[in-house]
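Student: I would like a close look at a single part of this model, and at what surrounds it. Please take it slowly.

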Amino acid sequence: MSQLPDRRLNAYRDDLAEERLRGVVEARRYVEGAPATVSVSVTPLRARPDLDCGTDTELLYGETARVLDIAGGWAWVKADLDGYVGYVPEAVLRSPNASATDIVAVPRTLVYRGADLRFPQAFALSMGSRLAVVGETETRGTRYFLLDGGLAVIANHCVPAGEALAGDYVSVATRFLETPYLWGGRSGFGIDCSGLVQLAMQMVGSHAPRDSDMQASGLGRAISRDELVRGDLVFWKGHVAIMEDEKTLVHANGHTMTVAREGLEDAIRRIGWLYDQPTGYRRP
């Protein structure tokens, strides 16, 4: 019997599946899905339409997905960024309008109810959030991008969509130091180990799969431990860390419950008590 496709990246149920899986899995109906855009700062993507179900990953403001089904206040979606499949509340989605022009390029920023930093804040956004800018203005020397509804965001907290941040992805990852660890998180408000790798690489124009097992099996190429340099990845079962240099790594971890620096040898000894030795090393 052939193995079924990974449900994290392939949308199929007994009653419904995405069209590209026709002939691969059996379902009563196949759909292409309808486009939608995330309209809140960040929303958990869950394996089941249940608020008690843990978070698999997160979708950020302005990111897009295909809606495959809506029922009971939940939308079954497939994220355009990395193909991840899951459920989000229907209320967090809106129909697409203008395409994103800019991307938030700092770990966190605020959206104001007008172009003045003394105005009330409407909500906060994470790095990676996508914005449709409709105008630009300056107030007392500070430049603002204008969004629909009279909202405004600090212009120099953004970069044009499609433009990579300067530097390597490690320098982006270290900007998240002391960010809280969050299982399934991939934002400046809380992030997990593979989410840190994915978001940091995304911001310099590279693609990474979402989960650590996906990254361990398909991101870059395998190397040996004695080859490790800045930017290489160290994998344990269920965990990934980024080498900052030959002796130090950066990772979102459940030990400090933050994004933290740690010596490679110290991490190997500490993690070994519970999860054994590293399972591999890769160069993205």
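Student: Is helix 2 buried or exposed, and what does helix 2 supply to the largest nonpolar core?

Tutor: Keep in mind that this is a predicted model. Helix 2 covers residues 193-203. Of its 11 residues, 11 are buried, so helix 2 is largely enclosed by the rest of the structure. Buried here means under 20% relative accessible area. You can follow this along the helix: Cys193, Ser194, Gly195, Leu196, Val197 and Gln198 are buried, and so are Leu199, Ala200, Met201, Gln202 and Met203. In general, an α-helix has 3.6 residues a turn, so residues three or four places apart point the same way. After the helix comes Gly205, which has a positive phi, near 90°.

Now the core. The largest nonpolar core has 29 residues. Helix 2 gives 7 residues to this core, the largest share. Other elements that supply at least two residues each are helix 1 (169-173), strand 21, strand 22 (239-243) and strand 23 (248-253). The residues with the most contacts inside the core include Leu196 and Met203, together with Tyr169, Val172, Leu233 and Ile242.

Ile242 shows how these pieces meet. Leaving aside its neighbours within four places in sequence, Ile242 is in contact with Leu196 and Val197, both of which are buried residues of helix 2. Its other contacts under that condition include Tyr169, Val170 and Ala173, as well as Asp232 and Leu233. Thr248, Leu249 and Val250 are also in contact with Ile242. Apart from this core lies another core, of 14 residues, among them Leu45, Ala65, Val67 and Met214.

Strand 21 leads on to further pairing. Strand 21 (residues 233-236) pairs with strand 25 in the antiparallel sense, over 3 bridges. Within this pairing, Val234 has Tyr281 of strand 25 as its bridge partner. Strand 25 (residues 280-283) also pairs with strand 20 (residues 221-223), again in the antiparallel sense and over 3 bridges. There, the bridge partner of Arg221 is Arg283. As a general point, strands of a sheet pair through backbone hydrogen bonds, either parallel or antiparallel.

For a view of the surface, turn to helix 4 (residues 264-275), where Tyr275 is found. Trp273, Leu274 and Tyr275 make a nonpolar surface patch of about 490 Å². To return to your question, helix 2 is largely enclosed, with 11 of its 11 residues buried, and the largest share of the 29-residue core comes from helix 2.

How values were computed: Residues are numbered from 1 along each chain as its sequence is written. This is a predicted model: local features need pLDDT of at least 70, side-chain atom pairs count only at pLDDT 80 or more; totals for chains, interfaces and linings use all residues. Side-chain values use heavy atoms; hydrogens and water are left out. Patches are made of residues with over 30% relative accessible area and no salt bridge: like charges are joined within 9 Å, nonpolar side chains (Val, Leu, Ile, Met, Phe, Trp, Tyr) within 5 Å. Accessible areas come from the Shrake-Rupley method with a 1.4 Å probe; for residues, only the protein chains shown count as cover. A salt bridge is a side-chain nitrogen of Lys or Arg within 4 Å of a carboxyl oxygen of Asp or Glu. Helices (H or I, at least four residues) and strands (E, at least two) are DSSP runs, numbered from the N terminus. Two strands pair if DSSP finds at least two bridges between them. A nonpolar core is a set of buried Ala, Val, Leu, Ile, Met, Phe, Trp, Tyr and Cys residues joined through side-chain atoms within 4.5 Å. Buried means under 20% relative accessible area, exposed over 50%, partly exposed in between (1.4 Å probe, protein chains only). Contact means heavy atoms within 4.5 Å.
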